[in-house]
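Here is a predicted model to explore through short questions and answers. Have a look at it before reading on.

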Amino acid sequence: MVAQMYNKDAYTFQHSVSVALLLMILQHHQGAPHEIVVEAGIGGLLHDIGKTRIPLQLLNKPGRHTAEERQQMREHVRFSQMILDENGIHSPIIRAIALQHHERYDGTGYPLGLAGDAISVYGQQAAIIDVYDAITSDRCYHKGLPAPVAIKKIFELGKNHFDPKVVRDVVHCFGIYPPGTLVRLASGKLAVVKRHADGDLTRPEVVVFFDTQRNQRLKPESINLAIRYGPHADDHVVHHEAADRWQALLPDINQLLLDSH
């Protein structure tokens, strides 16, 4: 099924892998048993499997969909149910993720218009992560938003579309500034977010690598901004930075995080 998705549309495949990974990270963060982590991952991989039966020109249309086209796109959930049935996939977790990730807490979603606790917690988590990954990804019709901006939008949607408690759970896992985000500190230094500890989500652990005031590279250093004493007690994240603005200076983020251990 995943191979069919890969052959059909690269974006749908990449998006599904991202949703799967994020769902697994969330379950792991919440202390779920291994088998639940795995099932959530499979649910993420298959959450859009019905799109393999949607015409490609409709999936990748650059402009707005017409009302009729939107209705056609919504059919992918019904197709997902058919594909899961055809392949004997009856896991409640996998099915909740695939069939409920477009339902909304206020009842405005589809395909069933479920509301509140009628939506499985796995369906609610998948809905939030699906939106988060979609709005941070580059598509033919829009430029992906930076992660902190996307988190803010998720919070706004959480007032109606999502259960605020589930939103808090997701944001607590990934942070206001998710790992890998490029940020500027009050000291003028550039850093990459490494991880979040419990407590203040605005004060993550970061890896500092450049001083904008002195215009010089720094030896990568890991700093926990949640520690309010010592040489970095007053430093904090001012805002996120656009990575393309600092492209010439920005080292490989994964290598930077590895070197900081």
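Q: Is D169 buried, partly exposed or exposed?
A: Buried needs under 20% relative accessible area, and exposed needs over 50%. The relative accessible area of D169 is 24%. That value falls in between, so D169 is partly exposed.

Q: With which residue does D169 form a salt bridge?
A: A salt bridge needs a side-chain nitrogen of Lys or Arg within 4 Å of a carboxyl oxygen of Asp or Glu. The closest N and O atoms of this pair are 3.2 Å apart. The partner of D169 is K165.

Q: About how many helical turns separate D169 and K165?
A: Both residues sit in helix α9, which covers residues 164–174. They are 4 residues apart there. K165 is partly exposed, with a relative accessible area of 48%. Because of their spacing in the helix, D169 and K165 are separated by about one helical turn.

Q: Which residues are joined into one network by salt bridges that share partners?
A: The structure holds 9 salt bridges. Some of them share partners, and these make one network. Its members are K194, R195 and E205.

Q: What is the N to O distance in the salt bridge of E75 and R78?
A: E75 and R78 are 3 residues apart in helix α5, residues 67–86. That spacing is about one helical turn. E75 is partly exposed at 25% relative accessibility, and R78 is partly exposed at 42%. Their side chains meet with an N to O distance of 2.6 Å.

Q: How many residues apart in sequence are the parts that R95 and D85 tie together?
A: The side chains of R95 and D85 meet in a salt bridge of 2.9 Å, N to O. R95 lies in helix α6, residues 92–100, and D85 lies in helix α5, so the pair ties together separate parts. In sequence these parts are apart by 10 residues.

Q: Which is R95, buried or exposed?
A: The cut-off for buried is under 20% relative accessible area. D85 has 39% and is partly exposed. R95 has 17%, so R95 is buried.

Q: How many residues of strand β2 are buried?
A: Strand β2 covers residues 189–195 and has 7 residues. The strand is largely enclosed by the rest of the structure, because so many of its residues are buried. The count is 5 of the 7.

Q: Which residue in β2 stands opposite L182?
A: Strand β1, residues 182–185, runs antiparallel to β2. There are 3 bridges between these strands. Opposite L182 stands V192.

Q: Which residue in the hairpin of β1 and β2 takes a positive phi near 90°?
A: The hairpin has 3 residues between its strands. The residue with the positive phi is G188.

Q: Which residue in β3 stands opposite A191?
A: Strand β3, residues 205–211, runs antiparallel to β2. The two strands are joined by 6 bridges. The residue opposite A191 is V208.

Q: What is the phi of N215, which is not a glycine?
A: N215 is placed in the loop between β3 and β4 (216–224). N215 is exposed, with a relative accessible area of 60%. Its phi is positive, at about 55°.

Q: Which residues are joined by a cis peptide bond?
A: The omega of this bond is about 10°. One partner, P111, lies in the loop between α6 and α7 (121–136). The bond joins Y110 and P111.

Q: Which elements give two or more residues to the lining of the second largest pocket?
A: About 570 Å³ of space lies in this pocket. Of the 23 residues that line the second largest pocket, the closest to its centre are T136, L145, P146, A147 and A243. The elements asked for are α7 and α8 (147–157).

Q: How many nonpolar residues are in the lining of the second largest pocket?
A: The lining can be split by class. It has 5 polar and 4 charged residues. The nonpolar residues number 14.

Q: What distance separates the C-alpha atoms of H34 and I128?
A: H34 lies in helix α3, residues 34–46. H34 is exposed, with a relative accessible area of 62%. H34 and I128 are 94 residues apart along the chain. Their C-alpha atoms are separated by 22 Å.

Definitions and conventions
Residues are numbered from 1 along each chain as its sequence is written. This is a predicted model: local features need pLDDT of at least 70, side-chain atom pairs count only at pLDDT 80 or more; totals for chains, interfaces and linings use all residues. Side-chain values use heavy atoms; hydrogens and water are left out. Buried means under 20% relative accessible area, exposed over 50%, partly exposed in between (1.4 Å probe, protein chains only). Two strands pair if DSSP finds at least two bridges between them. On a 1 Å grid over the protein atoms alone, a cavity is a set of points where a 1.4 Å probe fits but cannot get out, and a pocket is an open set with protein on both sides within 12 Å along at least five of seven lines; lining residues have an atom within 4 Å of a point. Grid points are joined across faces, edges and corners, and a volume is the space filled by probe spheres set on the points. Ala, Val, Leu, Ile, Met, Phe, Trp, Tyr, Cys and Pro count as nonpolar, Asp, Glu, Lys and Arg as charged, and the others, Gly among them, as polar.
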